[in-house]
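I opened this notebook page to record what I looked up in the structure, going from single contacts out to the whole chain.

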Amino acid sequence: FYPTRNEKLYVKYRERYRSGALIYKVFNAQNVVVESNTSLPVNKTYGMNWLELDLSNSGLVANDYYRLEITDDKGKTEMLRFLYK
């Protein structure tokens, strides 16, 4: 599990094709979405990118485990399990 730092989750990813947008969702242990950006996609650029998610106002419980799901504009989905601190 990947830990957050100062209530923020940092995710590094590589875009090999083109600019576009990412949509993310955070799920709790019961598989319920507790945070998302479906109305405001995160822009990405060609090359290495960093996604910084400020989770301080999301109501997540400290020392609980969550799952981040990221979907790009091509429909590819990646997941990351993390520990909220």
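I count as a polar contact a pair of N or O atoms within 3.5 Å, where, within protein, one atom must be able to donate a hydrogen and the other to accept it. I also note at the outset that this is a predicted model.

**Entry: N37**

With that cut-off in hand I went to N37, which I found in the loop between β4 (33–36) and β5 (42–44). The backbone oxygen of L22 lies 3.5 Å from a polar atom of the N37 side chain, and the side chain of N37 also reaches the backbone nitrogen of Y24, at 2.6 Å. Is N37 buried or exposed? I read a relative accessible area of 6% for N37, and because buried means under 20%, N37 counts as buried. When I set aside the neighbours within four places in sequence, I had L22, I23, Y24 and V42 as the contacts of N37.

**Entry: I23**

Since I23 appeared among the contacts of N37, I looked it up next and placed it in strand β3 (residues 20–27). I23 has a relative accessibility of 33% and counts as partly exposed. Which distance separates the C-alpha atoms of I23 and D72? I noted 6.4 Å for this pair, although the two residues are 49 residues apart along the chain.

**Entry: S58**

I then turned to S58, which lies in the loop between β6 and β7. S58 is buried, its relative accessible area being 14%. The side chain of S58 reaches the backbone oxygen of L55 at 2.6 Å. Leaving out residues within four places in sequence, I found S58 in contact with V34 and E35.

**Entry: positive phi values**

Most residues other than glycine have a negative phi. I therefore made a note of residues that depart from this pattern.

One of these is N63, whose phi is near 65 degrees, a positive value in a residue other than glycine. I located N63 in the loop between β6 (47–54) and β7 (65–72), and with a relative accessible area of 55% N63 is exposed.

E7 also has a positive phi, of about 65 degrees, although E7 is not a glycine. I found E7 in the loop between β1 (2–3) and β2 (8–15), where its relative accessibility of 33% makes it partly exposed. Which residues does E7 touch, not counting those up to four places away in sequence? My list for E7 reads L53, D54, L55, S56, Y84 and K85. With Y84 I could be more specific, as the side chain of E7 makes a polar contact with the side chain of Y84 (3.5 Å). I also checked E7 against V26, and the two are 19 residues apart in sequence and 14 Å apart in space, C-alpha to C-alpha.

**Entry: rings**

How many aromatic pairs does a search of the whole structure find? I recorded one. Looking at a charge over a ring, I found R67 lying over the face of F27, at 4.2 Å from the ring centre.

**Entry: the whole chain**

I closed with the chain as a whole, whose secondary structure comes to zero helices and eight strands, following the pattern β-β-β-β-β-β-β-β when read along the sequence. The radius of gyration of the chain is 13 Å, close to the 12 Å that the globule rule gives for 85 residues, so I wrote the chain down as being as compact as a globular protein of that length. Along its principal axes, the C-alpha trace spans about 35 × 20 × 20 Å.

Of the 85 residues, 33% count as buried. The chain exposes about 5700 Å², and I noted that carbon and sulfur atoms supply 47% of that area. For the contacts with a separation of 6 or more, I found that residues 24 or more positions apart account for 61%.

Note on methods. Residues numbered from 1 in each chain as written. Predicted model: local features only at pLDDT ≥ 70, side-chain atom pairs only at ≥ 80, totals over all residues. Heavy atoms only, no water. Phe/Tyr/Trp six-rings, centres within 6.5 Å; stacked < 30°, edge-to-face > 60°. Lys NZ or Arg CZ within 6 Å of the ring centre and 35° of its normal. Helix = DSSP H or I, 4+ residues; strand = E, 2+ residues; numbered from the N terminus. Rg over C-alpha atoms; globule rule 2.2 N^0.38 Å. Buried < 20%, exposed > 50% of the residue type's maximum accessible area, 1.4 Å probe, protein only. Contact = heavy atoms within 4.5 Å. Areas by Shrake-Rupley, 256 points an atom, 1.4 Å probe, with all protein chains shown as cover.
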